[in-house]
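I opened a fresh page for this one and went through it feature by feature. Here is what I looked up, in the order I got to it.

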Amino acid sequence: MKTQRRVSAAVVALLLGGAGIAISASPAVAAEATFKVKCVPPAGGGDPVEGETTAKITAPATAKVGDEVEVVWETVKPASNNTDLMDIPKDSVQPTGWIAVGGAGTGELKVVGEKKNPPIPKKAPMVMSPMKAKLKLTKAGKITLTPGKYEVAVSFSFGTFVTKCAPTGEVKGGATIDVAAGSSGGTTDGGTTNGGNTNGGNNNGGTANGGTTSGGGGGQTDFPGKAVEVAFDCGPVVPGGIKTPVTINAKKNGGSYDLTVKTAKGAMAAPMALPAGALKPSMNVKLGGADSGTVKVAGPANAEPIADKAPVSLNDMTGTYKPGKTGKVTLSPDQLTIDVTMAPGSTPINVPCKATSSGVSLELDTTAQAGGSGSPSTTGATTSGPGGLADTGAEDEGGIKALALVAGTVILLGGAVFTFTPWRRLRGTR
């Protein structure tokens with residue numbers, strides 16, 4: 001009986017120690033690394049500040065080729081305090097980090113934490129959830145895992161702000177996995193887990209004949225959509241939101257479709273003089289019918305400066321839709337996002353605008369493609385832009401004062417007051 005109890009206890013300990021790790025891998029072990037970082041605040045947040053952080057990297061001590069193991073980055077000592085401007089609400093901080101995969105492996109592993117934190121009062125240390133990712137082991141030898149750059153996104157009702165930090169020197173420490181030979185060869189590569197296929201191909205909007213429903217045959221390549229009136233809720237940043245017609249056009253490209261999304265001209269009146277490159281739009285196109293998920297489309301920023309009070313038009317947004325299902329698929333405008341950059345090289349402020357009403361602009365008769373959609377889209381490429389409100393240096397250096405202060409509809413960006421006026425309802429699309 002005693003022997004049986006000892007065995008049961010050992011099994012429980014093994015399960016707890018190796019949770020989230022491939023069965024053939026050993027229980028996880030942790031190693032810490034303390035290193036200096038340089039942190040860049042969001043636009044208007046002041047000059048970069050250097051601080052020090054301690055990261056604990058957890059991974060199995062041993063594994064074999066073919067295993068997929070979980071790697072965890074836990075921030076033991078953050079290099080930041082909250083500012084004295086405002087409290088950070090519960091579950092609004094999301095960290096993202098990049099771990100260098102070295103030794104017998106090469107590459108970079110992106111780890112992401114949950115948006116989970118207690119309320120963080122003014123001047124209190126930043127609290128970040130553990131960042132996690134899976135790593136596929138494909139080569140025998142010692143794999144080193146060294147923490148590197150990271151970002152901290154803080155979300156408020158009026159927008160999301162990101163502070164970006166990177167090591168200023170060599171980082172020593174981190175975890176090591178001793179990988180034994182297995183059935184597969186190749187190289188262990190953490191990969192660079194950036195967004196999906198969110199960039200557009202051809203920028204042609206489609207001018208062929210037809211209505212809003214396409215057939216699959218007859219050699220047709222251009223599928224023009226119809227303009228649908230869309231109402232966007234941008235929160236207190238844009239009082240009254242945005243109402244504009246949106247048109248989705250498609251051009252067949254092999255088994256995929258190059259999408260071009262057009263909004264009306266003069267989408268807003270400039271609240272102040274805006275430099276070239278200040279406004280960059282992106283949008284989610286929602287799939288319906290036979291397929292599901294969203295397709296990300298993005299447009300370039302304004303090429304020329306915009307005068308105060310002048311009409312502002314958002315550039316056409318492009319992206320690629322690769323069908324994941326066969327059948328009739330509808331495409332509808334969904335969330336619009338505008339990145340606002342007030343100075344060259346500064347971190348953009350992210351203004352998300354939720355579509356509160358929309359409609360089907362285009363219907364396609366699709367054929368499923370390998371690796372196609374059919375699932376919710378990732379938020380790679382242009383999401384997670386903008387900056388955070390947190391101090392990013394040691395407390396004795398005074399930290400960074402993020403100068404984003406919201407009072408009604410006024411945002412302070414550096415020394416400029418950026419007041420959005422209600423975006424005007426526009427008349428017609430391009």
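The entries below go from the whole chain to its disulfides, some strands, a few single residues and a cavity.

**Entry 1: the whole chain**

I began by noting that this is a predicted model. The protein chain has 430 residues, and 47% of them count as buried. I then pulled up the secondary structure, and the chain comes to 1 helix and 27 strands. For contacts with a separation of 6 or more, I found that 74% join residues 24 or more positions apart.

**Entry 2: disulfides**

How many disulfides are there? I got 2 disulfides, taking a pair of cysteine sulfur atoms within 2.5 Å as the criterion. With the bonded cysteines numbered in sequence order, the pairing reads 1-2, 3-4.

I took C39 and C165 to start with, and their sulfur atoms are 2.1 Å apart. C39 sits in strand β1 (residues 28–40) and C165 in strand β10 (residues 159–167), so this link ties together parts 126 residues apart in sequence. I also checked the S-S bond of C39 and C165, which has 110° about it and is right-handed. Buried or exposed, I asked myself about C39 and C165? Both C39 and C165 are buried.

Then I turned to C234 and C353, whose sulfur atoms lie 2.0 Å apart. C234 belongs to the loop between β14 (228–233) and β15 (242–253), while C353 is in strand β23 (residues 349–357), so the bond connects parts 119 residues apart in sequence. The torsion about the S-S bond of C234 and C353 is about 110°, so I wrote this disulfide down as right-handed. C234 and C353 are both buried.

**Entry 3: β15 and its partners**

The loop of C234 led me to β15 next. I counted 9 of its 12 residues as buried, so β15 is largely enclosed by the rest of the structure.

Which strands pair with β15? I listed these partners:

- Strand β13 (residues 222–223) runs antiparallel to β15, with 2 bridges between them; F223 stands opposite A250 of β15.
- β14 pairs with β15 in the antiparallel sense over 5 bridges, and V230 has T244 in β15 as its bridge partner.
- β16 is joined to β15 by 8 bridges, again antiparallel, with T247 opposite K262 in β16.

I looked at the turn as well: the hairpin of β15 and β16 has 2 residues between the strands, and G254 there takes a positive phi near 70°.

**Entry 4: on to β21**

I followed β16 (residues 256–263) onward and found that it pairs with β21 in the antiparallel sense over 5 bridges. D258 has T320 in β21 as its bridge partner. For strand β21 (residues 317–321), 5 of the 5 residues are buried, so I noted this strand as largely enclosed by the rest of the structure. Which way do its side chains go? M317, G319 and Y321 point one way from β21, T318 and T320 point the other way, and all are buried.

**Entry 5: positive phi outside glycine**

I picked out two residues here. D91 has phi near 55°, a positive value in a residue other than glycine. It lies in the loop between β4 (68–77) and β5 (93–103). With a relative accessible area of 34%, D91 is partly exposed.

K123 is not a glycine either, yet its phi is positive at about 70°. I placed K123 in the loop between β7 (108–113) and β8 (131–136). Its relative accessibility is 53%, so K123 counts as exposed.

**Entry 6: a buried lysine**

K296 is in strand β19 (residues 294–298). Why do I list K296 as buried? Its relative accessibility is 8%, and buried means under 20%. I also took the C-alpha separation of K296 and D334, which is 9.8 Å for residues 38 apart along the chain.

**Entry 7: a cavity**

I ended with enclosed space and found 4 cavities of 30 Å³ or more. I opened the second largest cavity, which holds about 40 Å³. Its lining includes L279, P281, P300, I306 and V312, as well as N302, S313 and N315. What kinds of residue line the second largest cavity? I tallied 7 nonpolar, 3 polar and no charged.

Notes:
Residues numbered from 1 in each chain as written. Predicted model: local features only at pLDDT ≥ 70, side-chain atom pairs only at ≥ 80, totals over all residues. Heavy atoms only, no water. Helix = DSSP H or I, 4+ residues; strand = E, 2+ residues; numbered from the N terminus. Buried < 20%, exposed > 50% of the residue type's maximum accessible area, 1.4 Å probe, protein only. Pairing = 2+ DSSP bridges. 1 Å grid on protein atoms, 1.4 Å probe; cavity = no way out; pocket = protein on both sides within 12 Å on 5 of 7 lines; lining within 4 Å. Points joined across faces, edges and corners; volume = space filled by probe spheres on them. Nonpolar A, V, L, I, M, F, W, Y, C, P; charged D, E, K, R; others polar. Contact = heavy atoms within 4.5 Å.
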